[in-house]
Amino acid sequence: MDWTPAFAGALEEVKMAEITAAAVKELRERTGAGMMDCKKALAETNGDMEAAIDWLRAKGLSAAAKKAGRTAAEGLVGVAVEGTRGAVAEVNSETDFVAKNEQFQDFVRNVAALALNADGDVEALKSAAYPGGGTVEEKLTENIATIGENQSLRRTAVVSVGQGAVVSYVHNAVTPGLGKIGVLVALESAAGADALQALGKQLAMHIAAANPLALDGEGLDPALIERERGIAMEKARESGKPANIVEKMVEGGLAKFRKDNALLSQLFVMDNKTPVAEVVAAAAREAGSPITLAKFVRFQIGEGIEKQESDFAAEVAAAAGTKPEPVA
C-alpha cells in the first residue's frame, strides 16, 4: 500500500498547525488576503513572512484582496434554463468595460449554468466545482487578479415547475443569456411548449420593463406596506380633511400601491390596459389548458448597491500631482 498521500496530508496538517495566529494576522494586515489563504501561504513557505507575501502575489491572492474594497456595481446578469428549471446569477465588476471582456462573460455564463444546482445558495455556488478545475470562488479570485478589477458573485436564484415551462429573457443583452437585466418566468401548465414559450417571453419582457415587487398584493413585503402607509397618512393629514376621510384616503392609496406593484394586477405593457392576470387567462383559453403564473425572478445589475461617485478629472490630477482647473 502506498502511504505517500496519507503521509503528505498529515504533514500538511502539522505545517498548518505550527503557523501562529499572530503570523497570520500580520500577513493579513500586510496583504489584505483571506485568513485561510494567509495560513496556507505561511505553511507553504515554512513561516517566512516575505516569502509568504511573494507566494500570495504569485497566486494573485494579494492583488485580489487589495481590490476587494472597491465598489463593484457593474457587471452582468446571466440566465440558464434546463428543462423545467431555470437559474439566474449576478456577477458584479467595477466598470462596464469588464462586461465586454470575453473572460468575464465566459465566467458568468458558466456560473449561471452551475447555479441550476445551487438552489439559490450563493455560498454553495461559490463552492461548486468550476469547469477546468478549482471552485467557482477560486476562479473568481483568479479573474480579479488577471482582469484587474474587483468582482463579486452577489446573488443567485432558481425557479422550477413540475409541469410546464420556465422561460428566460435578458434585456440589454451583450451576448445570448448575458445582459443587464435577467428575468425568469415559471408557468405551471399542461399546455403546449410553443404556447407557454410565447406567453412566457411576453411576461418576462413586461417584468423587465415594469419591475413588479411581488406576484400579487399579498406577496408584497409587509414592511414596505407599512412604510407606504406612513407616507400616505402624512400626505392625507396635510389635506386637512376629517379623520374618517383621511383613513379612506390612506386605504385608497395603499390599494393603488398594491395594484401598481403586484405583477398579476399590473397593466400589461404591450397594450397598457389589460391586467396581467387577464393576459394569462386569455392565453390559457386559447391553449385549451389552465396556465398558472407560479413565480418570477428579476435581477437588474447593481440594483441596491450604493455606487461611489468619482471625479475622474480630480483622480487624474491627483495621480499627476497637479490640481484640476476649476470649471467656469
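1. Start with the three-stranded sheet in this predicted model. The sheet is open, its strands run in the order β4-β6-β7, and the pairing is antiparallel. β4 (164-171) and β7 (291-300) are the edge strands; each has a single partner, so one side of each has no neighbour in the sheet. From one strand to the next, the twist averages 15°.

2. If you want to trace the pairing by eye, β4 and β6 (residues 181-189) are a good place to look. These two strands are joined in the antiparallel sense over 8 bridges. One handy marker is His-171, whose bridge partner in β6 is Ile-181. Helix α9 (residues 193-210) packs on this sheet and touches β4, β6 and β7, with its direction at about 40° to that of β4.

3. While you're at α9, have a look at Ala-195, which sits in that helix. Ala-195 has 34% relative accessibility, so it counts as partly exposed. Its C-alpha atom is 6.6 Å from that of Ala-287, although the two residues are 92 positions apart along the chain.

4. Now for the other sheet. This open sheet has 4 strands in the order β3-β2-β1-β5, again with antiparallel pairing. Here β3 (151-160) and β5 (178-179) stand at the edges with a single partner strand each, so one side of each is left without a neighbour in the sheet. Helix α6 (residues 102-114) packs on the sheet, touching β1, β2, β3 and β5, and its direction makes about 40° with that of β1.

5. Within that sheet, β1 (residues 74-82) and β2 (residues 85-93) pair over 9 bridges in the antiparallel sense. To find your way along the pair, take Glu-74: its bridge partner in β2 is Ser-93.

6. On to charges: the structure holds 14 salt bridges. One of them joins the side chains of Arg-85 and Asp-119, at 2.5 Å from N to O. This pair links distant parts of the chain, with Arg-85 in strand β2 and Asp-119 in the loop between α6 and α7 (122-127), 34 residues apart. How exposed are the partners? Arg-85 is partly exposed, at 25% relative accessibility, while Asp-119 counts as exposed at 59%.

7. A second salt bridge connects β2 with β3: the side chains of Glu-90 and Arg-154 meet at 3.3 Å, N to O. Glu-90 lies in β2 and Arg-154 in β3, 64 residues apart. Is Glu-90 buried or exposed? Its relative accessible area is 0%, so Glu-90 is buried. Arg-154, at 30%, is partly exposed.

8. Strand β3 has another pair worth a look. Arg-155 forms a salt bridge with Glu-303, with the closest N and O atoms 2.7 Å apart. The link spans 148 residues, from Arg-155 in β3 to Glu-303 in the loop between β7 and α13 (312-320). Glu-303 is partly exposed, at 26% relative accessibility. Salt bridges with shared partners tie Glu-90, Arg-154, Arg-155, Arg-298 and Glu-303 into one network.

9. Last, check the surface. Met-205, Val-269 and Met-270 make a nonpolar patch of about 240 Å². Met-270 belongs to the loop between α11 (243-261) and α12 (276-287). With 42% relative accessibility, Met-270 counts as partly exposed.

How values were computed:
Residues are numbered from 1 along each chain as its sequence is written. This is a predicted model: local features need pLDDT of at least 70, side-chain atom pairs count only at pLDDT 80 or more; totals for chains, interfaces and linings use all residues. Side-chain values use heavy atoms; hydrogens and water are left out. Two strands pair if DSSP finds at least two bridges between them. Contact means heavy atoms within 4.5 Å. Axes are lines fitted to C-alpha atoms, for helices over the stretch in contact, and angles run from 0 to 180 degrees between N-to-C directions. Patches are made of residues with over 30% relative accessible area and no salt bridge: like charges are joined within 9 Å, nonpolar side chains (Val, Leu, Ile, Met, Phe, Trp, Tyr) within 5 Å. Accessible areas come from the Shrake-Rupley method with a 1.4 Å probe; for residues, only the protein chains shown count as cover. A salt bridge is a side-chain nitrogen of Lys or Arg within 4 Å of a carboxyl oxygen of Asp or Glu. Buried means under 20% relative accessible area, exposed over 50%, partly exposed in between (1.4 Å probe, protein chains only).
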